[in-house]
Amino acid sequence: MSDMTDVTLSSSAAERIKAILAKQSGKDFLRVSVEGGGCSGFSYKFDLDDTKNEDDIVVERDGAQVLIDEMSLEFMRGSEIDFSTELIGAAFKIKNPNATAACGCGTSFSL
C-alpha cells in the first residue's frame with residue numbers, strides 16, 4: 001500500500017480514482033502536488049497524468065495509483081488522501097498531520 005513515503009490512500013479515494021481514470025483514455029495516474037498560494041500559504045493540486053517522472057513517488061491501493069513529486073512529498077509526509085462526499089459536494093481531501101492551519105475548502109494549508 002505504501003513504502004517509505006508515509007502517504008496513504010483511503011479505500012474511497014482509491015475507488016474514486018479508478019472510476020475517474022476509467023473514463024479518461026490515456027490517463028493512468030492521479031497526480032497530487034503542492035504549490036505556493038491558496039488562502040493558507042500552500043495548496044494541493046490534483047491532475048490526471050499519463051507519465052511517471054523519475055522523481056515521482058507512486059502511492060498505490062487497490063489498483064489506483066497516485067503520483068507525488070519529491071518536493072511535494074516533503075509537505076505531505078504522513079498524510080492520507082481521502083475522497084469524501086458531503087452536502088456541499090464531493091472532493092478529494094488531504095488529511096495532513098503536518099498542517100498547522102487549513103481553510104474550509106480543504107485544498108489550502110500552512111505549516
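**Notes on the predicted model: a three-stranded sheet, its helix and some buried polar residues**

1. Seven bridges join β6 to β7, and the two strands run antiparallel. Together β6 and β7 make a hairpin, with two residues between them. One of the pairs along this hairpin is that of Thr85 with Ala90, its bridge partner in β7. The model in which these features are seen is a predicted one, and the remarks below should be read with that in mind.

2. The hairpin belongs to an open sheet of three strands, in the order β1-β6-β7, whose pairing is mixed. The strands at the edges are β1 (8-9) and β7 (89-95), and because each of them has a single partner strand, one side of each is left without a neighbour in the sheet. On the β1 side, two bridges join β1 to β6 (residues 80-86), and here the strands run parallel. Within this pairing, Thr8 stands opposite Glu80 in β6. As general background, the strands of a sheet pair through backbone hydrogen bonds, in either a parallel or an antiparallel manner.

3. Across this sheet lies a helix: α1 (residues 11-22) lies across β1, β6 and β7, and runs at about 80 degrees to β6. Helix α1 has 12 residues and reaches 17 Å from its first C-alpha to its last, which is close to the 16 Å expected at 1.5 Å a residue. Which residues of α1 are buried? They are Ala13, Ala14, Ile17 and Leu21. These four cover an arc of only 100 degrees around the axis, so they are placed on the same side of α1. In general, an α-helix has 3.6 residues a turn, so residues three or four places apart point the same way.

4. Asp82 deserves a separate comment. This aspartate lies in strand β6, and at 12% relative accessibility Asp82 counts as buried, because the cut-off for that class is under 20%. What does the side chain of Asp82 meet in a polar contact? The side chain of Lys95 is joined to that of Asp82 by a polar contact of 3.2 Å. Apart from neighbours within four places in sequence, Asp82 is in contact with Ser10, Ser12, Ala13, Ala91, Phe92, Lys93 and Lys95. Among these contacts is Ala13, one of the buried residues of α1.

5. Strand β2 (residues 29-36) holds another charged residue worth checking, namely Arg31. At 11% relative accessibility, Arg31 counts as buried. Its side chain is joined to that of Asp49 by a polar contact of 2.7 Å, and the side chain of Arg31 also makes a polar contact of 2.8 Å with the side chain of Asp56. Not counting residues up to four places away in sequence, Arg31 touches Lys45, Phe46, Asp47, Asp49, Thr51, Asn53, Asp56 and Leu67. As for Lys52, Arg31 and Lys52 are 21 residues apart in sequence and 9.2 Å apart in space, C-alpha to C-alpha.

6. Ser33 is also placed in strand β2, and at 11% relative accessibility Ser33 counts as buried. Leaving aside its neighbours within four places in sequence, Ser33 is in contact with Ser43, Tyr44, Lys45, Asp69 and Ser72. Lys45 appears in this list for Ser33 and is also touched by Arg31.

7. A point of backbone geometry concerns Asp62, which is found in the loop between β4 (56-61) and β5 (64-69). The phi of Asp62 is near 50 degrees, a positive value in a residue other than glycine. Is Asp62 buried, partly exposed or exposed? With a relative accessible area of 46%, Asp62 is partly exposed.

8. Finally, some remarks on the chain as a whole. There are two helices and nine strands in the chain, and from the N terminus on the elements run β-α-β-β-β-β-α-β-β-β-β. Of the 111 residues of the chain, 38% count as buried. Among contacts between residues at least 6 apart in sequence, 52% join residues at least 24 apart.

Note on methods
Residues are numbered from 1 along each chain as its sequence is written. This is a predicted model: local features need pLDDT of at least 70, side-chain atom pairs count only at pLDDT 80 or more; totals for chains, interfaces and linings use all residues. Side-chain values use heavy atoms; hydrogens and water are left out. Two strands pair if DSSP finds at least two bridges between them. Contact means heavy atoms within 4.5 Å. Axes are lines fitted to C-alpha atoms, for helices over the stretch in contact, and angles run from 0 to 180 degrees between N-to-C directions. The expected span of a helix is 1.5 Å times one less than its number of residues. Buried means under 20% relative accessible area, exposed over 50%, partly exposed in between (1.4 Å probe, protein chains only). The arc is that of the directions from the helix axis to the C-beta atoms. A polar contact is a pair of N or O atoms within 3.5 Å; within protein, one must be able to donate a hydrogen and the other to accept it, and residues adjacent in sequence count only if both atoms are side-chain atoms.
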